[in-house]
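Work through the exercises below with the sequence and the model side by side. Each task is followed by a solution in steps.

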Amino acid sequence: QVQLVESGGGLVQAGGSLRLSCAASGRTLISHAMGWFRQAPGKEREFVAAISWSGGSTIYADSVKGRFTISRVNAKNTMYLQMNSLTPDDTAVYYCAADKTRATLVPVAATLVREYDYWGQGTQVTVSS
């Protein structure tokens with residue numbers, strides 16, 4: 001089992017920045033590709049970004065390209081999401097996720113909620129106008 005805990009959310013004005021962290025713990029023999037998703041009230045959970053175990057491959061949703069950066073430090077069992085130029089449309093609960101069976105990113109599959117096996121509790125990001 002893998003446990004994931006997000007942190008770093010908060011309230012920020014439009015144009016501001018936040019850095020989210022996702023700390024992983026628990027026993028596993030599998031290297032995990034990981035990703036960030038978000039869910040706004042009344043909306044489906046949507047893909048934000050994903051990263052391979054090595055960190056060598058990343059995928060971003062069109063809505064965040066050029067503004068968000070995903071990274072990971074495996075020695076710290078931590079994944080990050082640097083969010084810049086935030087807008088009210090970025091307001092959501094942000095979740096980190098890990099894939100049980102993949103170390104690399106598979107196109108399309110890496111963007112789907114159903115392809116991930118482990119989820120954190122989420123951290124709230126609120127962007128005011």
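The exercises cover salt bridges, a sheet, a disulfide and aromatic rings.

This is a predicted model, in which local features need pLDDT of at least 70, side-chain atom pairs count only at pLDDT 80 or more, and totals for chains, interfaces and linings use all residues. Residues are numbered from 1 along each chain as its sequence is written, and side-chain values use heavy atoms, with hydrogens and water left out.

**Exercise 1. Salt bridges**

Find which residues form salt bridges with R38, and state whether R38 is buried or exposed.

Solution.
- Step 1. Apply the criterion: a side-chain nitrogen of Lys or Arg within 4 Å of a carboxyl oxygen of Asp or Glu. Over the whole structure this gives 5 salt bridges.
- Step 2. R38 meets E46 at 2.7 Å, N to O. R38 also bridges to D90, where the closest N and O atoms are 2.9 Å apart.
- Step 3. Place the second pair in the chain: R38 belongs to strand β4 (residues 34–39), while D90 lies in the loop between β8 (78–83) and β9 (92–98), 52 residues apart. Strands here are DSSP runs of E with at least two residues, numbered from the N terminus.
- Step 4. Check accessibility, where buried means under 20% relative accessible area, exposed over 50%, and partly exposed in between (1.4 Å probe, protein chains only). R38, at 6%, is buried, and D90 is buried as well. E46 is partly exposed at 36%.
- Step 5. Salt bridges link R38, E46, R67 and D90 in a network. Another salt bridge joins K65 and D62 at 3.0 Å, N to O; D62 is exposed, with 65% relative accessibility.

**Exercise 2. The open sheet**

State the order of the strands in the open sheet of 4 strands, and name the edge strands.

Solution.
- Step 1. Count two strands as paired if DSSP finds at least two bridges between them. The order is β1-β3-β8-β7, with antiparallel pairing.
- Step 2. β1 (3–7) and β7 (68–73) each have a single partner strand, so they stand at the edges with one side lacking a neighbour in the sheet.
- Step 3. Examine one pair: β7 and β8 are antiparallel over 6 bridges. T69 is opposite Q82 in β8.

**Exercise 3. The disulfide**

Which cysteines form a disulfide, and where do they lie in the chain?

Solution.
- Step 1. Search for cysteine sulfur atoms within 2.5 Å of each other. The count is 1 disulfide.
- Step 2. The pair is C22 and C96, with sulfur atoms 2.1 Å apart. The link of C22 and C96 is right-handed, with 60° about the S-S bond.
- Step 3. C22 sits in strand β3 (residues 18–25) and C96 in strand β9, 74 residues apart. C22 is buried at 0% relative accessibility, and C96 is buried at 0% too.

**Exercise 4. Aromatic rings**

Describe how the rings of F37 and F47 pair, and name the cluster to which they belong.

Solution.
- Step 1. Rings of Phe, Tyr and Trp (its six-membered ring) pair if their centres lie within 6.5 Å; planes under 30 degrees apart are stacked, over 60 edge-to-face, and the rest tilted. The search of the whole structure finds 4 aromatic pairs.
- Step 2. F37 and F47 are edge-to-face, 5.6 Å centre to centre with 75° between the planes. F37 is in strand β4 and F47 in strand β5 (residues 46–51), 10 residues apart.
- Step 3. F37 is buried at 0%, and F47 is buried at 12%.
- Step 4. Ring pairs join F37, F47, Y116 and W119 into a cluster.
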